[in-house]
Amino acid sequence: MNEIIQIKCPFCGAVLSVKNQPGIETKNVTCPICKQKSPFLQFKKVKASAYYDETPTEYPHKEECTQYSYEKEEKTQMGEMNFTLGKVKVLDSGVSYQLKPGRNVIGRKGAKSGADFQINTGEKRSMSREHIVIEVKKIPAKGYVHYLSLFKERVNKTFIGNEPLLYGDCIVLNHGDIIRLPDANIKFELPDDEATTI
């Protein structure tokens, strides 16, 4: 079984979790933070505890998401880092869910649902009970990064904006992104810490 290792980006210093697989030394890695592509050997191995105050990401499916991008480019551009946690808002109902550090599983409301946030879809059953995962990681001195992935391989079509979300994708969310689930649309939002309160 391949272990997960932590490597440091030579450009921006971000620490990434990657699967240590045969031939990894010959691969190129694209940093999801600064979008710079470099040979794996230019990344330095580091201990996770030196950079993260949380345990490494664990997903219920294969670990493609923690690999980020070896041979494909990320689908969204990373904006400025945020020091606040995001939330998701169900557009039809207006119900909002505050995200927490770590894994946030979102899916259809049901008696057997294991989702942290359960969306009421009425009689519609196209959305899985555990459909997507938003992983929130804190990078010291930079803030929170929100990563979107599918919970499992076999789910009905899901989109981020107009782009399909595929199993194994790990997309960095930006303020205002619309996630189109089978029976509901949700919007990712970051609070404006500098907004005027009345």
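These legends accompany several close-up views of a predicted model.

**View 1. The whole chain sets the scene, with one helix and 16 strands.** Before zooming in, it helps to have the overall picture. The protein has 198 residues, and 45% of them count as buried. About 10,800 Å² is exposed, and carbon and sulfur atoms supply 47% of that area. Among contacts between residues at least 6 apart in sequence, 55% join residues at least 24 apart.

**View 2. Strands 2, 1 and 5 form an open antiparallel sheet, in the order 2-1-5.** Its edges are strand 2 (15–19) and strand 5 (44–46), each of which pairs on one side only. Averaged over the sheet and with direction ignored, neighbouring strands are turned by 45 degrees against each other. Strand 1 and strand 5 run antiparallel and are paired over three bridges. If you follow that pairing, you will find Lys8 opposite Lys44 in strand 5.

**View 3. Strand 1 and strand 2 make a hairpin with six residues between them.** Strand 1 covers residues 4–8, and five bridges join it to strand 2 in the antiparallel sense. Two of the partnerships are easy to pick out here: Gln6 has Ser17 of strand 2 as its bridge partner, and Ile7 has Leu16 of strand 2. In the turn, look for Gly13, whose phi is positive at about 85 degrees.

**View 4. Six strands line up as 7-6-16-15-12-13 in a second view of antiparallel pairing.** This sheet is open. Strand 7 (96–98) and strand 13 (163–164) stand at its edges with a single partner strand each, so one side of each has no neighbour in the sheet. Towards strand 13, the pairing can be traced from strand 12 (residues 159–160), which is joined to strand 13 by two bridges. In that antiparallel pair, Phe159 has Pro164 of strand 13 as its bridge partner.

**View 5. Strand 6 shows side chains alternating between two faces.** In a regular strand, side chains alternate between the two faces of the sheet. Which residues of strand 6 (residues 87–90) point to the buried face? Val88 and Val90 do, and both are buried. Lys87 and Lys89 point to the other face and are not buried.

**View 6. Strand 6 pairs with strand 7 and with strand 16, antiparallel to strand 7 and antiparallel to strand 16.** Three bridges join strand 6 to strand 7, while four join strand 6 to strand 16. Lys89 is a handy landmark for finding both neighbours. Its bridge partner in strand 7 is Ser96, and in strand 16 Lys89 stands opposite Lys187. Strand 6 and strand 7 also form a hairpin with five residues between the strands. Within this hairpin, Gly94 takes a positive phi near 80 degrees.

**View 7. Tyr97 and Phe117 make a tilted aromatic pair.** The count of aromatic pairs comes to one. Its ring centres are 5.1 Å apart and the planes meet at 35 degrees, so the pair of Tyr97 and Phe117 is classed as tilted; that class lies between stacked, under 30 degrees, and edge-to-face, over 60. The pair links distant parts of the chain, with Tyr97 in strand 7 and Phe117 in strand 9 (residues 117–119), 20 residues apart. Are these two residues buried or exposed? Both Tyr97 and Phe117 are buried.

**View 8. The charged end of Arg180 sits over the ring of Phe159.** The distance from that charged end to the centre of the Phe159 ring is 4.7 Å. You have already met Phe159 in the pairing with strand 13, where its bridge partner is Pro164.

**View 9. Pro191 lies in the segment after strand 16 (185–189).** What does Pro191 touch, leaving aside residues up to four places away in sequence? Its contacts are Thr84, Leu85 and Gly86. Along the chain, Pro191 and Leu85 are 106 residues apart, yet their C-alpha atoms are separated by 7.7 Å. Pro191 counts as partly exposed because its relative accessibility is 39%, a value between the 20% limit for buried and the 50% limit for exposed.

Key. Residues are numbered from 1 along each chain as its sequence is written. This is a predicted model: local features need pLDDT of at least 70, side-chain atom pairs count only at pLDDT 80 or more; totals for chains, interfaces and linings use all residues. Side-chain values use heavy atoms; hydrogens and water are left out. Buried means under 20% relative accessible area, exposed over 50%, partly exposed in between (1.4 Å probe, protein chains only). Contact means heavy atoms within 4.5 Å. Accessible areas come from the Shrake-Rupley method with a 1.4 Å probe; for residues, only the protein chains shown count as cover. Two strands pair if DSSP finds at least two bridges between them. Axes are lines fitted to C-alpha atoms, for helices over the stretch in contact, and angles run from 0 to 180 degrees between N-to-C directions. Rings of Phe, Tyr and Trp (its six-membered ring) pair if their centres lie within 6.5 Å; planes under 30 degrees apart count as stacked, over 60 as edge-to-face and the rest as tilted. A charge sits over a ring if NZ of Lys or CZ of Arg is within 6 Å of the ring centre and within 35 degrees of the ring normal.
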